[in-house]
Amino acid sequence: MIKAAFFDIDGTLLSFKTHRIPASAQQVLDSFHEQGIACVIATGRPTYQMPDWLFDLGWDAYITLSGQHCFDAEGVYRSCPIDPDDVTVIVDQVAQGCYDSLCMQGENSFVNRLSERVVTAGSNAGIVYHEEPFEHAFDAPVYQFCAFVDRRAYRDRCRVAFAHHALV
């Protein structure tokens, strides 16, 4: 007997083209609810990057930020931010120009710069990123970073930075 069904958002529940839930997926959700099957969102996104209407579909729980922040109607049952020492490493690497990055905190997300690679990635997911000084990563717990990596720049500029951190 199926007790729960888990749904990713990007490209699974929501179309990359329309950023809406197809009628067929809505029918499955309705059927599961009628059968008493718990329906759970499981996504890498934080709640503030989900469409507001998605919350009106009767989800039983939310696994967000790739499992780092999980909650249901009773409240948060898992919260596991990134260790502050690791946040320091990422902020340093971004400051050195190793790559651009998206920082996701519980109530805010931002990128260090709106490069073409960053804007394109956001557009593909229906998200508009905003830029903030990357040191704001220290202002609140960080649950996830997304690196936007140019392979050549990564190799040329960051080999020494990564080797240094590996030795520490």
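**Exercise 1. Decide whether Tyr62 is buried or exposed in this predicted model, and describe how its ring is placed against that of Phe55.**

Solution. Begin with the accessibility: Tyr62 has a relative accessible area of 8%, and because buried means under 20%, Tyr62 counts as buried. Next take its partner, Phe55, which has a relative accessible area of 28% and is therefore partly exposed. A pair of aromatic rings is described by the distance of the centres and the angle of the planes. After Phe7 and Phe32, which are both buried, the second pair to consider is that of Phe55 and Tyr62, whose ring centres lie 5.4 Å apart with planes at 40°, so the pair is tilted.

**Exercise 2. State how many aromatic pairs the whole structure holds, and work out which parts the pair of Phe7 and Phe32 ties together.**

Solution. A search of the whole structure gives seven aromatic pairs. In one of them, the rings of Phe7 and Phe32 have centres 6.3 Å apart and planes at 45°, so this pair is tilted. Phe7 belongs to strand S1 and Phe32 to helix H1, so the pair links parts that are 25 residues apart in sequence. Finally, Phe7 and Phe32 form one aromatic cluster together with Trp59.

**Exercise 3. Identify the residues with the most contacts inside the largest nonpolar core, and find which element supplies its largest share.**

Solution. The largest nonpolar core has 18 residues, and those with the most contacts inside it are Phe7, Leu13, Ile21, Leu29, Ile41, Leu54 and Trp59. Strand S1 (4–7), helix H1 (23–34) and strand S2 (38–42) each contribute at least two residues to this core, and the largest share, three residues, comes from H1. Leu13 can serve as a worked case: leaving aside neighbours within four places in sequence, its contacts include Phe7, Ile21, Leu29, Ile41, Leu54 and Trp59, and also Asp8 and Arg20. Apart from this core lies another, of eleven residues, among them Val87, Val94, Tyr99 and Phe134.

**Exercise 4. Locate the salt bridge found in the whole structure, and compare the exposure of Arg113 with that of Asp100.**

Solution. The search finds one salt bridge, in which the side chains of Arg113 and Asp100 meet at 2.8 Å, N to O. Arg113 lies in the loop between strand S7 (109–111) and helix H3 (116–124), whereas Asp100 lies in strand S6 (residues 100–105), so the pair ties together parts that are 13 residues apart in sequence. As for exposure, Arg113 is partly exposed, with a relative accessible area of 45%, while Asp100, at 9%, is buried.

Terms used. Residues numbered from 1 in each chain as written. Predicted model: local features only at pLDDT ≥ 70, side-chain atom pairs only at ≥ 80, totals over all residues. Heavy atoms only, no water. Salt bridge = Lys/Arg side-chain N within 4 Å of Asp/Glu carboxyl O. Helix = DSSP H or I, 4+ residues; strand = E, 2+ residues; numbered from the N terminus. Buried < 20%, exposed > 50% of the residue type's maximum accessible area, 1.4 Å probe, protein only. Core = buried A, V, L, I, M, F, W, Y, C linked by side-chain atoms within 4.5 Å. Contact = heavy atoms within 4.5 Å. Phe/Tyr/Trp six-rings, centres within 6.5 Å; stacked < 30°, edge-to-face > 60°.
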